[in-house]
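Got a new structure open and not sure where to start? Let's walk through it in questions and answers.

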Amino acid sequence: MDLRVIGCHGGETPRHRTSAFLLDDRVAIDAGSLTSGMDLEAQCRLEAVLVSHAHLDHIRDLATIADNRAQNGSKPLIVCGIKPTIELLKKHFFNGKLWPDFTTIPTASKPTIVYQILKPEVPAKVAGLTVRAILVSHTIDCSAFVIEYPGGALAYSGDTGPTTRFWEVLNELDGLRALLMEVSFPNAQQKLATISGHHTPQTLGPELAKYKNPKDLATLLYHMKPTFQGEVERECAKLKGLNLTVLNLGEHFIL
């Protein structure tokens with residue numbers, strides 16, 4: 001599987017983009033920077049977006065990619081997520097007020113986007129991939145994803161603090177090639193991390209230790225806040241017995 005980093009930060013500056021990852025040029029994980037980080041041709045080639053939760057830094061560019069695809073007559077974009085996430089998108093985002101309802105544009109029979117609800121822990125086919133949503137611990141309903149493909153699997157933590165079920169699922173999984181794992185704040189900001197449902201390095205270490213063999217798991221770190229990125233990176237570098245890589249914009253992995 002081809003993994004491209006479109007956005008990997010927990011905030012935005014001219015040098016930082018919010019969460020968006022591209023699998024085999026056709027399935028995105030989250031949509032924080034899909035249009036700010038992809039050319040028009042790539043946007044129109046996309047088949048589906050897995051949305052972990054409805055916070056703006058993970059859904060924002062659904063608005064502009066829908067607009068661009070409508071103008072180009074693209075096939076409907078499948079927007080996937082757990083039921084609470086899809087309900088929030090319908091009520092507060094694509095609601096005809098904050099932004100047009102692209103499930104009826106250009107017409108209800110030929111929409112720009114369609115929704116696919118993922119039932120937690122029930123495998124579903126999404127653009128040829130097998131996807132499972134796993135509930136994690138954030139300030140609103142949020143899911144991690146396990147994405148299985150011929151030859152392996154990829155896991156994505158979503159926004160989360162310490163959680164349990166996600167690790168139980170990963171420990172039962174064969175062929176896990178990599179984990180996209182959030183860490184947002186430095187240890188000095190633990191109180192803020194806790195109330196906002198995120199990790200610091202000092203909670204990340206024990207969390208990854210819940211996996212059966214963390215040394216062998218390629219763990220790709222994302223969601224660092226731009227203000228604190230250097231500090232978080234230095235603290236993560238001190239963690240022992242792990243296989244950590246800090247992601248950068250534009251990186252490309254073959255899994």
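Q: How far is the sulfur of Cys8 from the closest cysteine sulfur?
A: This is a predicted model, where local features need pLDDT of at least 70, side-chain atom pairs count only at pLDDT 80 or more, and totals for chains, interfaces and linings use all residues. Residues are numbered from 1 along each chain as its sequence is written, and side-chain values use heavy atoms, with hydrogens and water left out. The closest cysteine sulfur to that of Cys8 sits in Cys236, too far off for a bond, at 13 Å.

Q: How many disulfides does the count come to?
A: A disulfide here is a pair of cysteine sulfur atoms within 2.5 Å. Cys8 misses out because its closest partner sulfur, in Cys236, is 13 Å off. Cys142 is in no disulfide either, with the sulfur of Cys80 as its nearest at 15 Å. The count comes to zero.

Q: Is Cys142 buried or exposed?
A: Buried means under 20% relative accessible area, exposed means over 50%, and partly exposed is in between (1.4 Å probe, protein chains only). Cys142 has a relative accessibility of 2%, so it counts as buried.

Q: Where is Thr18 found?
A: Helices (H or I, at least four residues) and strands (E, at least two) are DSSP runs, numbered from the N terminus. Thr18 is buried, with a relative accessible area of 5%. Contact means heavy atoms within 4.5 Å, and beyond residues up to four places away in sequence, Thr18 touches Cys8, His9, Asp57 and Arg60, among others. Its place is the loop between β1 (2-7) and β2.

Q: How are the rings of Phe21 and Tyr156 arranged in their aromatic pair?
A: Rings of Phe, Tyr and Trp (its six-membered ring) pair if their centres lie within 6.5 Å; planes under 30 degrees apart are stacked, over 60 edge-to-face, and the rest tilted. The structure holds eight aromatic pairs. In this one, the centres are 5.8 Å apart and the planes are at 65 degrees, which makes it edge-to-face.

Q: How many residues apart are Phe21 and Tyr156?
A: Phe21 is in strand β2 (residues 20-23) and Tyr156 is in strand β10 (residues 152-156), so the pair links distant parts of the chain. Phe21 is buried at 0% relative accessible area, and Tyr156 is buried at 0% as well. Along the chain, they are 135 residues apart.

Q: Which residues form one aromatic cluster with Phe21?
A: We have just met one of them, the edge-to-face partner Tyr156. The cluster that holds Phe21 also takes in Phe145, Tyr156 and Tyr222.

Q: Which residues have the most contacts inside the largest nonpolar core?
A: A nonpolar core is a set of buried Ala, Val, Leu, Ile, Met, Phe, Trp, Tyr and Cys residues joined through side-chain atoms within 4.5 Å. In soluble globular proteins, nonpolar side chains tend to be buried together. The largest core here has 30 residues, and those with the most contacts inside it are Phe21, Ile29 and Leu180.

Q: Which residues of helix α4 are buried?
A: Helix α4 covers residues 83-93, and its buried residues pack against α2 (56-59), α3 (62-72), β5 (77-81) and β6 (113-117). The buried ones are Thr85, Ile86, Leu89 and Phe93. They cover an arc (taken from the directions from the helix axis to the C-beta atoms) of only 100 degrees, which puts them on the same side of α4.

Q: Which exposed residues does the face of α8 turned away from its buried side carry?
A: In helix α8 (residues 229-237), Gln229, Val232, Glu235 and Cys236 are buried. They cover an arc of only 130 degrees around the axis, so they share the same side of α8. That buried set packs against α7 (201-208), β12 (218-222) and β13 (244-246). The face turned away carries Arg234 and Ala237.

Q: What separates the C-alpha atoms of Glu148 and Val131?
A: Glu148 lies in strand β9 (residues 143-149) and counts as partly exposed at 28% relative accessibility. Val131 is 17 residues apart from Glu148 along the chain, and their C-alpha atoms are separated by 6.4 Å.
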